[in-house]
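Let's take a walk through a protein model together. Have a look at the picture and turn it around a little before reading on.

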Amino acid sequence: MTDQPQLHSSIVAMVSLAAGIASNHPAMGQCQLQRLRDMKVPEHQLDAVIEIARHIRDEAAQKLDAAFDDKAAQVTPTFSIAAAPTESCGCSTTTSGQSCC
């Protein structure tokens, strides 16, 4: 097995920044953003990484929403009124006693 050169630290920080934004990570890539600025990465490059990551995140959310809407629009021909949730569903109740299913 040959030794492969490691990725430059700025590339690792950009990938991490983009992944954090695209995944809605709570830290929002702030650490990586500051690290990249400390490395003097040009702001236009940072702006491009942020724009791409946000686009990927937003596109994924739109596709998930569309898939949910498609499933929600499918109406089953039969239903039961006030049906109790089944135990296998894994439902729990909210603080006020509302069932999630």
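Before we start, here is one term you'll need: a salt bridge is a side-chain nitrogen of Lys or Arg within 4 Å of a carboxyl oxygen of Asp or Glu. Keep in mind, too, that what you're looking at is a predicted model.

With that term in hand, go to Asp58. Asp58 forms a salt bridge with Arg57, and their closest N and O atoms are 3.0 Å apart. Asp58 counts as partly exposed because its relative accessibility is 36%, and Arg57 also counts as partly exposed, at 23%. The general idea is simple: side chains of opposite charge can pair when their charged atoms come close. How many salt bridges does a search of the whole structure find? The search gives 2. Besides the pair you've just met, there is a salt bridge between the side chains of Glu43 and Arg37, at 2.8 Å from N to O. Glu43 is partly exposed, with a relative accessibility of 37%, and Arg37 is partly exposed at 37% as well.

Now zoom out. The chain has 3 helices and 0 strands, so if you read along the sequence, the pattern is α-α-α. Helix H1 covers residues 9–22, helix H2 covers 30–38, and helix H3 runs over residues 43–73. Follow H3 from end to end: its 31 residues reach 44 Å from the first C-alpha to the last, which is close to the 45 Å expected at 1.5 Å a residue.

What holds the middle of this picture? Try looking for the largest nonpolar core, which has 10 residues in all: Ala13, Leu17, Ile21, Leu33, Leu36, Val41, Leu46, Val49, Ile50 and Ala53. H1, H2 and H3 are the elements that give two or more residues to this core. Which of them gives the largest share? That would be H3, with 4 residues. The buried residues of H3 are Leu46, Val49, Ile50 and Ala53, and they pack against H1 and H2. Look at the spacing of those numbers with this in mind: an α-helix has 3.6 residues a turn, so residues three or four places apart point the same way.

For a close-up of the core, pick Leu33. Leaving aside its neighbours within four places in sequence, Leu33 is in contact with Leu17, Leu46 and Ile50. Then find Gln32, in helix H2. Is Gln32 buried or exposed? Gln32 counts as buried, because its relative accessibility is 17% and the cut-off for buried is under 20%. If you skip residues up to four places away in sequence, Gln32 touches Ala13, Ser16 and Leu17.

For contrast, jump over to Glu51 in helix H3. Glu51 is exposed, with a relative accessible area of 58%. The C-alpha atoms of Glu51 and Ile21 are separated by 9.6 Å, though the two residues are 30 apart along the chain. Contacts across the sequence can be counted for the whole chain, too: among those with a separation of 6 or more, residues 24 or more positions apart account for 42%.

Next come the loops. Asn24 sits in the loop between H1 and H2, and Lys40 sits in the loop between H2 and H3. Most residues other than glycine have a negative phi. Asn24, however, has a positive phi near 60 degrees, and Lys40 has a positive phi near 65 degrees. Asn24 counts as exposed at 54% relative accessibility, and Lys40 counts as exposed at 68%.

Let's finish on the outside. Of the 101 residues of the chain, 14% count as buried. The chain exposes about 8400 Å², and carbon and sulfur atoms supply 58% of that area. You can find a nonpolar patch on the surface, too, formed by Leu7, Ile11, Val12 and Val15, with about 360 Å² of accessible area together. One of its members, Val12, is found in helix H1. Val12 counts as partly exposed because its relative accessibility is 43%.

Notes. Residues are numbered from 1 along each chain as its sequence is written. This is a predicted model: local features need pLDDT of at least 70, side-chain atom pairs count only at pLDDT 80 or more; totals for chains, interfaces and linings use all residues. Side-chain values use heavy atoms; hydrogens and water are left out. Patches are made of residues with over 30% relative accessible area and no salt bridge: like charges are joined within 9 Å, nonpolar side chains (Val, Leu, Ile, Met, Phe, Trp, Tyr) within 5 Å. Accessible areas come from the Shrake-Rupley method with a 1.4 Å probe; for residues, only the protein chains shown count as cover. Buried means under 20% relative accessible area, exposed over 50%, partly exposed in between (1.4 Å probe, protein chains only). The expected span of a helix is 1.5 Å times one less than its number of residues. Contact means heavy atoms within 4.5 Å. A nonpolar core is a set of buried Ala, Val, Leu, Ile, Met, Phe, Trp, Tyr and Cys residues joined through side-chain atoms within 4.5 Å.
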